[in-house]
Amino acid sequence: MGACMALCSLASCASCLCGSAPCLLCGCCPSSNNSTVTRLVFSFFLLLGTLVSIIMILPGMETQLRKIPGFCQGGSTIPGVENQFNCDVIVGYKSVYRMCFAMACFFFLFSAIMIRVRTSKDPRAAVQNGFWFFKFLILVGITVGAFFIPDGTFHNVWFYFGIVGSFMFILIQLILLIDFAHSWNEVWVRNAEEGNSKCWFFGLLFFTILHYALAFAAVVLFYLYYTKPDGCAEHKVFISLNLIFCVIISVVSILPKVQDASPQSGLLQSSLITLYTMYVTWSAMTNNPNRECNPSLLSLVSNVSSSSQPTPTTAPGTVQWWDAQGIVGLIIFLFCTLYASIRSSSNAQVNRLMQTEEGRDSQVESKVEEDGLRRVVDNEEDGVTYSYSFFHFHLFLASLYIMMTLTNWYKPDTTTQAMASTMPAVWVKICSSWLGLALYLWTLIAPVLLPNRDFS
């Protein structure tokens, strides 16, 4: 009897793995919509690949990776730099490149397949929302194949893909943060109008001041530790320009004409964007190869100058695996990835940018079956709530961003001394912050400049 019950349970699990998303996770989130659970499962695939990449660069993993045939025999085979790399260091980077290459290929494949899917009645929608076991096998197969790609020019070419993809993903992160701040402000203002207004308005004021205080403190620390009186001119320009731009967007967000055209805009959104801009500025400066302008975190904490007394973390050939900006970047990445999977925004401008439909998720209610459990009905029969293709393209860019973050934006054909620092990374991050601020400024002034268009 026990064996029969076990076989029935196994058959049920197998049908779930080959079936729809709600069936797969109905025990964990029975009242979720079909579209939400699907996005969560794909995001889980991405997070699983990220976890594997993190494990691959942990100290001690290099010995195991060197056992892969042809992967690290006799040291690195990158042309022009043979015998200059410490193989125990470079093998971790090679593993991350290949793992993220596999994830990027997987999501790009689904992005191409899902182009112009309009409703769940499209046969491709069944592939999007089901067959999870086979999709997982495809991801594993691509990953195994990626580890047998010859070195050659693979790392150099994929590095530039990572640069471009990361630039685009930083912009998407900014859009998601704008949407999050908008939804946050909208919910708390509505709660203030319906209940204890003083409490909710105090909360909005507190977090707005907190964001600006942290951003201002960051600017002061940047000038103290990342600039020199007679040098580091680029850093002075980056910090000053971004500070000026953040002041401009903050002032514009509370102008009377902007408030009349977009009542939902305010200082909470601007403060969060200001804080994120300061993070991107800091992240860019930590990629500067000039150690005079880029002291290590350990030297800052211990109040020791990296130029006068080098620490082991700044020694040539040593890579700082877990630097502070990388950890913060991973946290922001996790938040934005999960938020993109569950978001249901009323911001029309952000919905157009992110290719989602306004409020569609909230229009479908779950139903109760005979067993008392809630089952999700298909909420996309009349039209999809998000662009399948764009969602996968977003995860494709996220894979490239993770690759660059975990490898400290390392360029494979540089010398060992510059493994964790490259100037292209500095300019990519700074330019993305400027473009992101310009995009946010446009969301503020567009309703004023184009009053005949609907931006509500």
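In which helix do Phe 202 and Phe 206 both lie, and how many residues apart are they? Both residues belong to helix H9, with a spacing of four residues, or about one turn of the helix. The model examined here is predicted, and the aromatic pairs are described below after an outline of the chain.

The chain contains 17 helices and two strands. Of its 456 residues, 48% are buried. Contacts between residues at least 6 apart in sequence join residues at least 24 apart in 78% of cases. The area exposed by the chain is about 21,300 Å², and 68% of this area is supplied by carbon and sulfur atoms.

The structure holds 29 aromatic pairs. One of them is formed by Phe 202 and Phe 206, whose ring centres lie 6.5 Å apart with the planes at 25 degrees; the pair is therefore stacked, since planes under 30 degrees apart count as stacked. Phe 202 counts as exposed because its relative accessibility is 58%, and the cut-off for this class is over 50%. Phe 206, at 44% relative accessibility, counts as partly exposed. A further aromatic pair, that of Tyr 279 and Trp 282, is edge-to-face, with a distance of 6.3 Å centre to centre and 70 degrees between the planes. Both Tyr 279 and Trp 282 lie in helix H12, three residues apart, which is again given as about one turn of the helix. Tyr 279 has a relative accessibility of 10% and so counts as buried; Trp 282 has a value of 17% and so also counts as buried, the limit being under 20%.

Phe 202 and Phe 206 are also members of one aromatic cluster. The other members of this cluster are Phe 180, Trp 184, Trp 188, Trp 200, Phe 207 and Phe 335.

A nonpolar patch of about 780 Å² is present on the surface. Its residues are Val 127, Phe 131, Phe 133, Phe 134, Phe 136, Leu 137, Val 140, Val 144 and Phe 148. Helix H7, spanning residues 132-146, contributes six residues, the largest share of the patch. Phe 131 is placed in the loop between helix H6 (123-129) and H7. With a relative accessible area of 36%, Phe 131 is partly exposed, and this residue therefore meets the requirement of over 30% relative accessible area for patch residues.

The structure holds one disulfide. This disulfide is formed by Cys 232 and Cys 293, with the sulfur atoms 1.9 Å apart. The link connects distant parts of the chain, as Cys 232 and Cys 293 are 61 residues apart. Cys 232 is found in the loop between helix H9 (197-225) and helix H10 (233-253), while Cys 293 is found in the loop between helix H12 (267-285) and helix H13 (297-301). The angle about the S-S bond is -95 degrees, and the link of Cys 232 and Cys 293 is left-handed. Cys 232 and Cys 293 are both buried. Two further cysteines can be described by their accessibility: Cys 199 is partly exposed, with a relative accessible area of 47%, whereas Cys 246 is buried, with a relative accessible area of 3%.

Definitions and conventions
Residues numbered from 1 in each chain as written. Predicted model: local features only at pLDDT ≥ 70, side-chain atom pairs only at ≥ 80, totals over all residues. Heavy atoms only, no water. Patch = residues over 30% accessible without salt bridge, like charges linked within 9 Å, V, L, I, M, F, W, Y side chains within 5 Å. Areas by Shrake-Rupley, 256 points an atom, 1.4 Å probe, with all protein chains shown as cover. Salt bridge = Lys/Arg side-chain N within 4 Å of Asp/Glu carboxyl O. Buried < 20%, exposed > 50% of the residue type's maximum accessible area, 1.4 Å probe, protein only. Disulfide = S-S within 2.5 Å. Contact = heavy atoms within 4.5 Å. Phe/Tyr/Trp six-rings, centres within 6.5 Å; stacked < 30°, edge-to-face > 60°.
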